[in-house]
Amino acid sequence: MVGLQGGVCALCRERAPQHVDHDHMTGQVRGVLCSCCNQGLGNFRDRADVLRTAIDYLERTTWQRQQVSPGVYRVTSPRQAAARSRSSSELQHLISSRRG
Ligand SMILES: [Zn+2]
């Protein structure tokens, strides 16, 4: 499984994978994570809704570093990140409304 993940944590893709992560309801193994990511999921109680809210919160309030190519990063202010997120969701809404 670690080989399939490229030898790195399945979430952050940066750190060494050290913890076998599993679904606490079914026991099914989901991946191998670094200590930080494994603890992060646990601290968020595996709740995707809270994690999405946390992502939105971070994008609205924190400078963001986004990798655009290997070794090259774009840094955006919280306002820019929020605008990009908003325009992305507006585009998604536009696509959805044209399909429906
Ligand atoms: Zn990680």
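Why does Leu 4 count as exposed? In this predicted model, Leu 4 has 9 C-beta neighbours inside 10 Å, and it is counted as exposed because a residue with 12 or fewer falls in that class. Leu 4 sits in the segment that comes before β1 (19–22). A partner for comparison is Gly 31: the two residues are 27 apart in sequence, while their C-alpha atoms lie 9.7 Å apart in space.

Stepping back to the whole chain, three helices and four strands are found, and from the N terminus on their order is β-β-α-α-β-β-α. Of the 100 residues in the chain, 8% are buried. Where contacts link residues at least 6 apart in sequence, 16% of them join residues at least 24 apart.

The N-terminal pair of strands offers a pleasant place to look in detail. β1 and strand β2 (residues 29–33) run antiparallel and are joined by four bridges. One residue pair to pick out on the model is His 22, whose bridge partner in β2 is Val 29. Together β1 and β2 form a hairpin, with six residues between the strands. In the turn, Gly 27 has a positive phi of about 85°.

Turning to the helices, α2 covers residues 48–61, 14 residues in total. From its first C-alpha to its last, α2 reaches 20 Å, close to the 20 Å expected at 1.5 Å a residue. How many of the 14 residues of α2 are buried? The count is zero, and α2 is thus described as hardly covered.

Definitions and conventions:
Residues numbered from 1 in each chain as written. Predicted model: local features only at pLDDT ≥ 70, side-chain atom pairs only at ≥ 80, totals over all residues. Helix = DSSP H or I, 4+ residues; strand = E, 2+ residues; numbered from the N terminus. Expected span 1.5 Å × (residues − 1). Buried ≥ 20, exposed ≤ 12 C-beta atoms within 10 Å, placed from the backbone. Pairing = 2+ DSSP bridges. Contact = placed C-beta atoms within 7 Å.
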